[in-house]
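Student: I would like to understand how the words used to describe a protein model are justified. Could we go through some of them together?

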Amino acid sequence: MRHSHLAALSGVVMLIACGGGSSVTGTSGGGNTQGQTPPANGNVTIQDFSFSPETVTVKVGQTVLWTNNGPSAHTTTSDAGLWNSGQLAAPGNGTYGNGSQTGGTFKFTFNQAGTFPYHCSNHPPSLYPTFRGVVVVTP
């Protein structure tokens, strides 16, 4: 049994070392997610039905951290389906809050250059056309 665990772990390490075929990786949490992914190189705040800054620029291999500081749950969802943070809880002890001083966070590491538009799936662009953001990844 122990040998099969080592073999599985070895396969995962090889997949990661070879690039794994994935261009984006990420984690989410109800609060601080430090230690789960590399430190953020770009920070975005979600508040009052907006992403601030609306456009964030990072280099290939860098990470973007989204933090919900608004009064209700929000998401960061790629328009192309590359990522979806799930529900990021609001901070504080209110009806929609998660009980902590920090709102939910989500980190993504971008491993290829490009322009990646996104939105909040709770508040779709058809109803909230200005609640949009863009990650620009440069070489």
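Student: Why is Phe49 called partly exposed?

Tutor: Keep in mind that this is a predicted model. Phe49 has a relative accessibility of 34%, and because the label covers values between the 20% limit for buried and the 50% limit for exposed, Phe49 counts as partly exposed. Tyr128, at 31% relative accessibility, counts as partly exposed too.

Student: What makes Phe49 and Tyr128 a stacked aromatic pair?

Tutor: Two values have to be set against their cut-offs. The ring centres of Phe49 and Tyr128 are 5.2 Å apart, and pairing asks for centres within 6.5 Å; the planes stand at 10° to each other, and planes under 30 degrees apart count as stacked. The pair links distant parts of the chain, since Phe49 sits in the loop between β2 and β3 and Tyr128 in the loop between β8 and β9, 79 residues apart.

Student: Why is the pair of Phe110 and Phe116 called tilted?

Tutor: The ring centres of Phe110 and Phe116 lie 5.3 Å apart, with the planes at 40°. Because an angle that is neither under 30 degrees nor over 60 is classed as tilted, that is the name this pair receives. Phe110 and Phe116 are both buried, and both belong to one aromatic cluster, which also includes Phe49 and Tyr128.

Student: How do you know that β5 is largely enclosed by the rest of the structure?

Tutor: Buried means under 20% relative accessible area, and 6 of the 6 residues of β5 are buried, so the strand is largely enclosed. Thr63, Leu65 and Thr67 point one way from β5, whereas Val64, Trp66 and Asn68 point the other way. As for its partners, β5 runs parallel to β2, joined by 5 bridges, and pairs with β7 in the antiparallel sense, also over 5 bridges. In these pairings, Gly42 stands opposite Val64, and Trp66 stands opposite Phe106.

Student: What makes β4 and β6 edge strands?

Tutor: An open sheet of 4 strands follows the order β4-β9-β8-β6. Within this sheet β4 and β6 each have a single partner strand, so one side of each is left without a neighbour. The pairing of β4 with β9 is parallel, and there Lys59 stands opposite Thr138.

Student: Which residues touch the most other members of the largest nonpolar core?

Tutor: They are Phe51, Val64, Trp66, Trp83, Phe110 and Val135, in a core of 18 residues. The largest share, 3 residues, comes from β7.

Technical notes: Residues numbered from 1 in each chain as written. Predicted model: local features only at pLDDT ≥ 70, side-chain atom pairs only at ≥ 80, totals over all residues. Heavy atoms only, no water. Core = buried A, V, L, I, M, F, W, Y, C linked by side-chain atoms within 4.5 Å. Buried < 20%, exposed > 50% of the residue type's maximum accessible area, 1.4 Å probe, protein only. Helix = DSSP H or I, 4+ residues; strand = E, 2+ residues; numbered from the N terminus. Pairing = 2+ DSSP bridges. Phe/Tyr/Trp six-rings, centres within 6.5 Å; stacked < 30°, edge-to-face > 60°.
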